[in-house]
Amino acid sequence: MANNRRGTTKKAITGPKGEPVFIVKRASRMGGLDYLHITLIALVILLVVVAFALSVFKQGVVLENCQYGIVNNTCAPSPSQNATAQANVIAAAGRVLAGYQNFSSALSILPYYSLMNKSHAYYMQANGTWLVTIPYLDPFENNTEYNISILLYKNLSLDNVFLSTAKPAMLSNYSTVSFGTVDLTNKYLCNYSTPIPVYLITDPYAPGTIAAIKRAMNTSSQYSGKINMNYYFIFSDYSINLYKQYGVAATQRLGDYLVCASHQPQFGQFIDDLSTVDTSIPQSSSVLYSVVQASGINTTSFDNCLASVSEPLDAQSQFASLYNINVLPTFIVNCKYQTLPQTLDSAINYTLSTINKTK
């Protein structure tokens with residue numbers, strides 16, 4: 001009886017020890033090559049093609065960390081190296097300078113003494129601003145050349161302006177220690193507790209003298225119990241320049257009256273009345289005495305003071321010499337710190353805080 005092929009089962013071909021046997025069949029129409037060799041040959045051909053491609057086609061330029069962006073497939077240069085950008089920035093700085101011509105001060109000459117052809121612009125990537133430096137000539141310093149530094153935002157609007165000026169001939173023995181406060185390092189504090197003395201030192205004809213006296217009186221009231229205000233008057237170049245035309249005695253008369261009036265409770269009213277008189281030039285005794293009478297000052301005490309006014313004036317002059325005062329009006333706070341009328345409060349606060357730390 002014939003076998004039923006559909007009912008038979010296929011057995012795996014095994015070797016002598018029962019391991020599976022792989023049969024590699026010969027590929028037809030391939031010159032007698034089997035499929036394994038054909039695969040290996042194809043792999044070799046692929047590797048040859050890849051090697052050829054790598055040798056012929058170079059890797060493209062990869063742009064990384066271009067600080068100022070990419071232009072035409074290359075890193076863009078710094079804006080400072082761009083001639084157009086430079087011209088626009090310098091033109092904006094020129095408009096800033098032109099604005100100074102409306103100032104009612106010496107700064108109004110800046111537009112006319114600036115050397116725009118020597119200006120330079122620098123772009124600061126860190127904060128996105130432009131720094132423009134422009135040399136200028138100072139006609140008050142024999143046309144010495146200094147620099148103006150103008151800081152502009154990225155959109156060329158103004159941030160700030162800085163002016164360089166003459167360097168000091170030598171380093172000072174003093175030291176700036178706080179806003180508005182210069183430490184006279186070879187001097188010592190007068191008091192280590194309140195009230196502390198504050199000295200206004202000025203020439204009667206120095207610009208701003210009346211305003212400085214009023215500032216001193218207001219500050220004295222503000223720091224009542226913490227400071228004692230003293231008014232010292234000296235005759236510096238402001239007065240000396242008037243001696244030839246008006247004489248020494250007539251010129252110094254205003255100082256005499258200020259010293260004696262400062263010892264009176266009505267000193268504030270005296271200064272208010274005196275501010276209505278032209279104190280840029282010496283005034284007659286009749287004019288000044290009328291101010292004394294109008295202010296309510298005790299004329300007997302005032303006259304006694306005038307009779308010996310040279311003594312306090314000499315003492316005040318020696319005090320100013322001790323501190324080598326060359327800026328008037330000025331204040332000496334507690335014998336150790338120097339300041340200006342505009343920064344008097346800051347110097348007083350600094351001095352008071354220094355005293356508190358030593359307690």
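Which residues of α4 are buried? In this predicted model, the buried residues of the helix are T209, I210, A212, I213, A216, M217 and T219. These buried positions pack against a set of other elements, namely β9, β10 (227–233), α6, α7, β11 and α11 (344–358). Helix α4 itself consists of 14 residues. From the first C-alpha to the last, α4 reaches 20 Å, which is close to the 20 Å expected at 1.5 Å a residue.

The confidence of the prediction was examined next. The average pLDDT of the protein is 86, and 81% of the residues score at least 70. Residues 1–9 have a pLDDT below 50, and this stretch makes zero contacts in the model beyond near neighbours in sequence. Where pLDDT is low, the predicted coordinates should not be read in detail.

Helix α6, one of the elements against which the buried residues of α4 pack, spans residues 248–261. It has 14 residues and extends 20 Å between its first and last C-alpha, close to the 20 Å expected at 1.5 Å a residue. A kink of about 30 degrees is present in α6, with its centre on L254. L254 is also among the buried residues of this helix. The others are T251, G255, D256, Y257, L258, V259, C260 and A261.

Two disulfides were found in a search of the whole structure. A disulfide is a covalent bond between the sulfur atoms of two cysteines. One of the two joins C260 to C305, with an S to S distance of 2.1 Å. The angle about its S-S bond is -85 degrees, and the link of C260 and C305 is left-handed. The pair connects distant parts of the chain, since C260 lies in helix α6 and C305 in helix α9 (residues 299–307), 45 residues apart. C260 counts as buried because its relative accessible area is 1%. C305 is buried as well, with a relative accessibility of 15%.

The other disulfide is formed by C190 and C335, whose sulfur atoms are 1.4 Å apart. With -70 degrees about the S-S bond, the link of C190 and C335 is left-handed. This pair again bridges distant parts of the chain: C190 is in the loop between β8 and β9 (196–202), whereas C335 is in the loop between β11 and β12, 145 residues apart. The two cysteines fall into separate accessibility classes. C190 is partly exposed, at 33% relative accessibility, while C335 is buried, with a relative accessible area of 7%.

The same kind of search was made for charged pairs, and three salt bridges were found in the whole structure. Side chains of opposite charge can pair when their charged atoms come close. In one of these salt bridges, the side chains of D183 and K336 meet at 3.0 Å, N to O. D183 belongs to strand β8 (residues 181–183), and K336 to the loop between β11 (330–333) and β12 (337–339); the two are 153 residues apart, and the pair links distant parts of the chain. D183 has a relative accessible area of 13% and is therefore buried. K336 also counts as buried, at 14% relative accessibility. The loop between β11 and β12 thus holds K336 of this salt bridge and C335 of a disulfide.

A further salt bridge involves helix α4. Here the side chains of D272 and K214 meet at 3.9 Å, N to O. K214 is in helix α4 (residues 209–222) and D272 in helix α7 (residues 267–274), 58 residues apart, and the pair links distant parts of the chain. Helix α7 is also one of the elements against which the buried residues of α4 pack. K214, by contrast with those residues, is partly exposed, with a relative accessible area of 30%. D272 is likewise partly exposed, its relative accessible area being 37%.

The remaining salt bridge is formed by K118 and E145, in which the closest N and O atoms are 3.9 Å apart. K118 lies in the loop between α3 (110–113) and β3 (120–124), and E145 in strand β5 (residues 144–153); the pair, 27 residues apart, links distant parts of the chain. K118 counts as partly exposed, at 43% relative accessibility. E145 is partly exposed too, with a relative accessible area of 43%.

Note on methods:
Residues are numbered from 1 along each chain as its sequence is written. This is a predicted model: local features need pLDDT of at least 70, side-chain atom pairs count only at pLDDT 80 or more; totals for chains, interfaces and linings use all residues. Side-chain values use heavy atoms; hydrogens and water are left out. Helices (H or I, at least four residues) and strands (E, at least two) are DSSP runs, numbered from the N terminus. The expected span of a helix is 1.5 Å times one less than its number of residues. The bend at a residue is the angle between axes fitted to the seven residues ending there and the seven starting there. Buried means under 20% relative accessible area, exposed over 50%, partly exposed in between (1.4 Å probe, protein chains only). A salt bridge is a side-chain nitrogen of Lys or Arg within 4 Å of a carboxyl oxygen of Asp or Glu. pLDDT is the predictor's confidence in each residue, from 0 to 100. Contact means heavy atoms within 4.5 Å. A disulfide is a pair of cysteine sulfur atoms within 2.5 Å.
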